[in-house]
Amino acid sequence: MTNKRTLNNLLATCLFVAAVGQATAQAPNPNPQKANDKFEQLGPQLPTPNTYRTASGAPGKDYFQNRADYDIKVELDDENRRIIGSETITYFNNSTDELRFIWLQLDQNLFAANSASGAARTGTINENGMSFGAVQGLSGVASVRSETKASDKYGYKITNLKDKLGNALKATTNQTMMRIDLPTPLKPGQSFTFSLDWNYYITEYYGRSGYEFFAKDGNSNYFIAHWFPRLAAYDDVNGWQTKQFWGQGEFTLIFGNYKVAITAPNDHVVGATGECQNYAQVLSPAQMTRFKQAESSKTPVMIVNQAEAEAAEKAKPTGKKTWVYKADNVRDFAFASSRKFIWDAMKTDVYGNGRKIWSMSFYPKEGNPLWEQYSTRVVEHTLKSYGNRTIEYPYPVAISCHSTAGGGMEYPMISFNGGRPEADGTYSEQTKAGMIGVIIHEVGHNFFPMIINSDERQWTWMDEGLNTFCQYLAEKEWDYNFPSRRGEPQYITDYMKADKAVLSPIMTSSDNVINLGANAYAKPAAALNILRETIMGRELFDYAFKEYARRWAFKTPMPADFFRTMEDASGVDLDWFWKSWFYGVEPVDQSLADVEWFQANSQNPEVEKPLAKAEAARKNKTMSKLRDAKDKDKSVVETDPTMKDFYNSYDPFKATEADKKKYETYLASLSPEDKALLESNTNFYVLTLKNEKDNVMPVIVRMQFEDGTDSVARYPAEIWRFNDSSVKKVISTKKKVVQWTLDPFFEIADIDTENNSFPRMAAPTRFQLFKQQGSPFGNRGPNPMQTERASGATKPAQQGGGKN
């Protein structure tokens, strides 16, 4: 820190500071202006408001959305891993436009031999070795999943496309989209009913849909999604949304009512979107009794227990069963089926309003003991946490299914989630946290995008980013010390400091995003956390976020609707933030370049002259003076007294009577307020703040005082309005500051914290010494539960504890 300086012109400086508070210093041009457009409005970057979508961010008076109702009969052919289905669809044209054709989505064609997705894959050969499947995937022969080799076997086989009168309909298939030409134009307010049959072979589970095979018992778990030809969206922004399914950008869908009859082997347990209409026909009497018990239980009840699931694993089906499900006002339908499934459930009053909601879990024994202990309880917690921040969960049930070891995928009322313990029933803390986190995330998707129905094919961040933010909050409510991977601003800094060539703005179309996890999940979640904690404050943010959910529940918002609603409902201008965080890729890097310390000159000679004398003496202790001190008596003046005069004994730092009289006259000229400021002994600090990158953010600075206490000052991002690269800020304090730190609570995603302190504080980097064979972290060892068990400190983990 620089040495203290005195402010000699008290009335010009002290009174100025008293008038404007902690203001920017006005000493000679301390803040040279630098024009920038950071705080200009988004303007033409946002679409023009209209009667469909208003300038406030709310739906307009002419907002519309079309609807499709489905009556589906489907059979799961377990022996051949095949889906065979037929459906009748009624499509409602609620738009103001006449439609001459309609579009259906054929997502299973992603795996067809001629899939454009496979042809568009890029990569290179790893000369150190690659699997055969990986090489095939790079060559374009395989689709998005290297284990699933695309061929004529995969993709839809569609037959018997006809209208309700039985007349054949003309259709044209373009990769994952199919256009049906209507016999007559569909006018506004009219509906069109048609039907078709289809079948396809199920791929291995690829993260969204498919089967998982268990070689040990020869059975498969099926997770069936994007499995039926379904209507594309037609809206006021895009007309028909006909973007192909490339595998990364997810789904753009419309709401409708579903009745689905699912035929499966009679030893399978089937969970699906909606409510089952015929449990009495598909469950055993004992299972039906447990189901009734679960309706009034506050803890999970085993409906199909592990003993029953293990018995089914070892047997063979003797026939088929049909499970009938009904779901109203949903945008999609998915189901899971297996003879290996354990099933637990509870029906609870989630929001304390008397309305009970089912929380359920389906999982094989390989998921225990984790799944029976946590899954259903986490489902209920998620509904409560998200509902309190958005809208109450409107559907009757929410289901978590255990798919594979990692990852997850979401559909209305049902999700497929990872998190699997070791074969011996032990698990690492990371596995447990990963499982709980992914269940929160995927069940949370019921709100974004299953209810707040954003266009996933175009804008991944609108569901994944908002959902990851809510997941972070729900994780903290589950466990204050939950090891969240995303949400905290500091978690995104490694990504933000990467080369711009590999960074995409958040506002990038889903299929074109590089590093989807960081870009569309982590960065938006961190951005929303910054808005809530640092820029808007919790009260304003929470109200605006809830209003967004209320406005757009069961509707399809676009990015501008979110941006505008957050500003409209909070009264906070956030255009600068959307520009830098959502439209830009620049990181945050604030630096505290310098701190100057001033104190007011009291002009009291009995105070100021001793201070000046001490400072002069300090500066007089040079190395030359110290070394020559032993010979000072040998100087000419000391050896010859005739060389001395008045000034050899004069003390310029002595307070004279004239000095005292002048001071008394000065005091008499001051008002009581001026005198109080003069006597306050206030410290004035001028901070030189630099914005090393191009992303402006609020300035948070902590002052640590010499008495061991501290204080934090906060300044809005608008501090950078007139110069977005360097500003000076005056801060006054009663106490002396010994250490200054920017962003002390890691709030703004600053990528370089080493330049945040003044005086600079070196941050040590720890290194580890290890023998030649390598680091102890190089190989994966036993998890802590296994280590403790081996030492006899814990009992073996139990699987299938609930066998009621």
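This is a chat about the empty spaces and the aromatic contacts in a predicted model.

Student: Let's start with the holes; how many cavities of 30 Å³ or more are there?

Tutor: The structure holds three cavities of that size, and the largest of them has a volume of about 120 Å³.

Student: Which residues lie nearest the centre of that largest one?

Tutor: Those are Gln65, Ala233, Asp235, Ile254 and Thr556, out of a lining of 15 residues. Sorted by class, this lining has seven nonpolar, six polar and two charged residues.

Student: And what lines the second largest cavity?

Tutor: Its lining includes Leu110, Gln175, Thr176 and Trp246, as well as the run Ser115, Ala116 and Ser117. The second largest cavity holds about 50 Å³ of space, and its lining divides into four nonpolar and five polar residues, with no charged ones.

Student: Switching to open sites, what's the volume of the largest pocket?

Tutor: The largest pocket holds about 960 Å³ of space, and among its 43 lining residues Gly407, Gly408, Val438, Arg485 and Arg486 lie nearest the centre.

Student: Which element gives the most to that lining?

Tutor: That is α8, with ten residues. The elements that give two or more residues are β23 (408-411), α8 (429-444), α9 (461-478) and α11 (516-535). By class, the lining of the largest pocket has twelve nonpolar, 20 polar and eleven charged residues.

Student: OK, on to rings; how many aromatic pairs are there?

Tutor: The structure holds 58 aromatic pairs. One of them joins phenylalanine 223 and phenylalanine 416, whose rings are 5.2 Å apart centre to centre with 55 degrees between the planes, a tilted arrangement.

Student: Why does that pair tie together parts that are apart in sequence?

Tutor: Phenylalanine 223 lies in strand β10 and phenylalanine 416 in strand β24, so the pair ties together parts that are 193 residues apart in sequence. Both of these phenylalanines are buried.

Student: What about phenylalanine 291 and tryptophan 343, how far apart are their ring centres?

Tutor: Their centres are 6.3 Å apart and their planes are at 55 degrees, so this pair is tilted. Phenylalanine 291 belongs to helix α5 and tryptophan 343 to strand β20, so the contact ties together parts that are 52 residues apart in sequence.

Student: Is tryptophan 343 buried or exposed?

Tutor: Tryptophan 343 is buried, because its relative accessible area is 0%, under the 20% cut-off. Phenylalanine 291 is buried as well, with 6%.

Student: Last one: which charged end sits over the ring of phenylalanine 251?

Tutor: That is the charged end of arginine 230, 4.7 Å from the ring centre, while the charged end of lysine 340 sits over the ring of phenylalanine 214, 4.3 Å from its centre.

Conventions: Residues are numbered from 1 along each chain as its sequence is written. This is a predicted model: local features need pLDDT of at least 70, side-chain atom pairs count only at pLDDT 80 or more; totals for chains, interfaces and linings use all residues. Side-chain values use heavy atoms; hydrogens and water are left out. On a 1 Å grid over the protein atoms alone, a cavity is a set of points where a 1.4 Å probe fits but cannot get out, and a pocket is an open set with protein on both sides within 12 Å along at least five of seven lines; lining residues have an atom within 4 Å of a point. Grid points are joined across faces, edges and corners, and a volume is the space filled by probe spheres set on the points. Ala, Val, Leu, Ile, Met, Phe, Trp, Tyr, Cys and Pro count as nonpolar, Asp, Glu, Lys and Arg as charged, and the others, Gly among them, as polar. Helices (H or I, at least four residues) and strands (E, at least two) are DSSP runs, numbered from the N terminus. Rings of Phe, Tyr and Trp (its six-membered ring) pair if their centres lie within 6.5 Å; planes under 30 degrees apart count as stacked, over 60 as edge-to-face and the rest as tilted. Buried means under 20% relative accessible area, exposed over 50%, partly exposed in between (1.4 Å probe, protein chains only). A charge sits over a ring if NZ of Lys or CZ of Arg is within 6 Å of the ring centre and within 35 degrees of the ring normal.
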